Amino acid sequence: MYRGTFKDVENNEYIVEITPVGTQGTVNEISFSSNPVVINRKSDNLFTELKPLGCTIEIMTDKILPDLYSNNLKDVTVDIYYNTYQKIKLFSGYLTPYIYTQPYVNVQDTLQLEAVSKLSVLKDIDYIPINGANNKQIVTFRDIIWHILTRGAGYDQETLRVAYHLGTDQVLNEFKISEANFFDDDDAKTPWKMDEVLTHICR
């Protein structure tokens, strides 16, 4: 894991944690450029159901960091927190895969990393019924949302429990829908993408 902290102009402290898949134990400290983190929305449309975030991180390093790069999305997670004591999560996502270059000389260099929020990966994942591919059932809206955000996007359950305390959990349990609705009527019964299902539920 790579971890670093920085402060904004009002002296508020933030934590950035970058974790390649399979890394355990060792924490490598990182430092940032004068423009450490920029978080932005991928859509400015107020009526868009899903509003995934994008993030740019600039770190300073004199080393080659090959484990921060891969060909696959979801291989490197990124979490950004506000306040080092309470650790309020501001962003949770994955580094975007791409080829990189760094100089071979041992000098400090600015390394720019791009990340997308976990919601962004749902557009590439087929919907799978909660109880297995051949077991479509009538389920609650709450169960579908939980299923998509944990199994599809990869959000941890603790993060979702914090979100659900807002009082919508009981309401979402009142509405039910058949998972068969999330498959086309063609011969292949083509599944919807998970972002399409989540958008449908949000409407």
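This passage walks through a predicted model of a protein chain, from its overall make-up to selected residues and hollows.

The model is predicted, so local features are reported only at pLDDT of at least 70 and side-chain atom pairs only at pLDDT 80 or more, while totals for chains, interfaces and linings use all residues. Residues are numbered from 1 along each chain as its sequence is written, and side-chain values use heavy atoms, with hydrogens and water left out.

The protein chain holds four helices and 10 strands; here helices (H or I, at least four residues) and strands (E, at least two) are DSSP runs, numbered from the N terminus. Read from the N terminus on, the order of elements is β-β-β-β-β-β-β-β-β-α-α-α-β-α. Of the 203 residues, 38% count as buried, where buried means under 20% relative accessible area, exposed over 50%, and partly exposed in between (1.4 Å probe, protein chains only). Contacts, meaning heavy atoms within 4.5 Å, often link distant parts of the sequence: among those with a separation of 6 or more, 63% join residues 24 or more positions apart. The accessible surface comes to about 12,100 Å², and carbon and sulfur atoms account for 50% of this surface. Such areas come from the Shrake-Rupley method with a 1.4 Å probe, and for residues only the protein chains shown count as cover.

Several loop residues deserve a look. Asn-11 sits in the loop between β1 (2-7) and β2 (13-20) and has a positive phi of about 70 degrees, although it is not a glycine. Asn-11 counts as exposed because its relative accessibility is 51%. Lys-189, in the loop between β10 (176-178) and α4 (194-202), is likewise not a glycine and has a positive phi of about 50 degrees. With a relative accessible area of 44%, Lys-189 is partly exposed. Tyr-85 is found in the loop between β6 (76-82) and β7 (88-95), and its 79% relative accessibility makes it exposed. Tyr-85 and Tyr-14 are 71 residues apart along the chain, and their C-alpha atoms are separated by 10.0 Å.

Ser-117 offers a view of a buried position. It belongs to strand β8 (residues 109-117), and it counts as buried because its relative accessibility is 5%. Setting aside residues up to four places away in sequence, Ser-117 touches Pro-52, Leu-53, Phe-91, Ser-92 and Gly-93.

Asp-126 lies in the loop between β8 and β9 (138-140) and, at 34% relative accessibility, is partly exposed. Beyond its neighbours within four places in sequence, Asp-126 is in contact with Pro-191, Trp-192, Lys-193 and Met-194. With Lys-193 there is a polar contact between the two side chains, at 2.7 Å. A polar contact is a pair of N or O atoms within 3.5 Å; within protein, one must be able to donate a hydrogen and the other to accept it, and residues adjacent in sequence count only if both atoms are side-chain atoms. From C-alpha to C-alpha, Asp-126 and Phe-182 are 9.8 Å apart in space, with their positions 56 residues apart in sequence.

Met-194 also appears among the buried residues of α4, which are Met-194, Val-197, Leu-198, Thr-199 and Ile-201. An α-helix has 3.6 residues a turn, so residues three or four places apart point the same way. The cover over the buried residues of α4 includes α1 (141-152) and β10.

Hollows were sought on a 1 Å grid over the protein atoms alone: a cavity is a set of points where a 1.4 Å probe fits but cannot get out, a pocket is an open set with protein on both sides within 12 Å along at least five of seven lines, and lining residues have an atom within 4 Å of a point. Grid points are joined across faces, edges and corners, and a volume is the space filled by probe spheres set on the points. The whole structure contains two cavities of 30 Å³ or more. The largest cavity has a volume of about 40 Å³, and its lining includes Leu-68, Tyr-69 and Val-76. By class, this lining has six nonpolar, three polar and no charged residues; Ala, Val, Leu, Ile, Met, Phe, Trp, Tyr, Cys and Pro count as nonpolar, Asp, Glu, Lys and Arg as charged, and the others, Gly among them, as polar.

The second largest pocket has a volume of about 150 Å³. Two or more lining residues come from each of β3 (28-29) and β5 (53-61). The lining of this pocket divides into four nonpolar, four polar and three charged residues.
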